[in-house]
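Trainee: I have a protein model to go through. Could we take it question by question?
Mentor: Go ahead.

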Amino acid sequence: MVDVDWQRLSALAVEAMERAYCPYSGFPVGAAGLTADGRLVSGCNVENAGYGCTLCAECSMVSELVRTGGGRLVAVACVNGNKEPVAPCGRCRQVIYEHGGDECAVLMPAGAMTMREVLPGAFGPDDLGEVAGAAAPRV
């Protein structure tokens, strides 16, 4: 795991959480990530009356990552409304894995863990390989 200033990363996650739009659940979440090139990105949850359209904080953070030039996440912190670390949901674990891989560190309620520990046996881009190409429709 890389050396991470978890206090700084968590503070950025808190800042994002304080801007969350969560009128339905009342459960604000903020996420912040450190990229391999040293940039910091963040996001907050944005709810929607059509609950399935809600955007999690981690997805919002990854959107910011892509918008600001992409790259790899090396560390992620997510916090709840009490400013405490919160575990990413299953969908968000997959999103973090896509942009950080096995070694990306995630601050969980019990401490920092790698994505390999948070999402064992993860499915990622490397799993698509030849099979996806072979199954593609021929036009």
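Trainee: Is Gly50 buried, partly exposed or exposed?
Mentor: Gly50 sits in the loop between β2 and α2. Buried means under 20% relative accessible area, exposed over 50%, and partly exposed in between, with a 1.4 Å probe and protein chains only. Gly50 reaches 32% relative accessibility, so the class is partly exposed.

Trainee: What should I know about the model and its numbering?
Mentor: This is a predicted model, where local features need pLDDT of at least 70, side-chain atom pairs count only at pLDDT 80 or more, and totals for chains, interfaces and linings use all residues. Residues are numbered from 1 along each chain as its sequence is written, and side-chain values use heavy atoms, with hydrogens and water left out.

Trainee: Which residues does UniProt list under "binding site"?
Mentor: The record is an unreviewed entry. UniProt annotations may be inferred rather than shown by experiment; positions follow the numbering used here, and feature names are shortened. The listed residues are Asn45, Val46, Glu47, Asn48, Ala49, Gly50 and Tyr51.

Trainee: Which residues does Glu47 touch, leaving out those up to four places away in sequence?
Mentor: Glu47 lies in the loop between β2 (40-44) and α2. Its relative accessible area is 10%, so Glu47 is buried. Contact means heavy atoms within 4.5 Å. With that sequence filter, the partners of Glu47 are Tyr21, Cys22, Pro23, Tyr24, Ser25, Gly26 and Thr54.

Trainee: Which residue does UniProt list as "active site"?
Mentor: This label also comes from an unreviewed entry. The residue lies in helix α2, residues 57-67. UniProt names Glu58.

Trainee: What is the relative accessible area of Glu58?
Mentor: Glu58 touches Ala31, Cys78, Pro88, Cys89, Cys92 and Ile96, not counting residues up to four places away in sequence. Glu58 is classed as buried. Its relative accessible area is 4%.

Trainee: Is Ser60 buried or exposed?
Mentor: Ser60 is found in helix α2. Beyond four places in sequence, it touches Ser42, Gly43, Cys44 and Leu55. Its relative accessibility is 17%, so Ser60 counts as buried.

Trainee: How many Å apart in space are Ala105 and Leu34, C-alpha to C-alpha?
Mentor: Ala105 is in strand β4, residues 105-108. With a relative accessible area of 0%, Ala105 is buried. In sequence, Ala105 and Leu34 are 71 residues apart. In space, the C-alpha distance is 9.5 Å.

Trainee: In what order do the elements run from the N terminus?
Mentor: Helices (H or I, at least four residues) and strands (E, at least two) are DSSP runs, numbered from the N terminus. The protein has 5 helices and 5 strands. The order is α-β-β-α-β-α-β-β-α-α.

Trainee: What share of the protein's residues count as buried?
Mentor: The C-alpha trace spans about 50 × 40 × 30 Å along its principal axes. The count runs over the 139 residues of the protein. The buried share is 44%.

Trainee: How far apart are the end C-alpha atoms of residues 4-126?
Mentor: UniProt, in an unreviewed entry, lists residues 4-126 as "domain: CMP/dCMP-type deaminase". The span is 31% helix and 21% strand. Its end C-alpha atoms lie apart by 27 Å.
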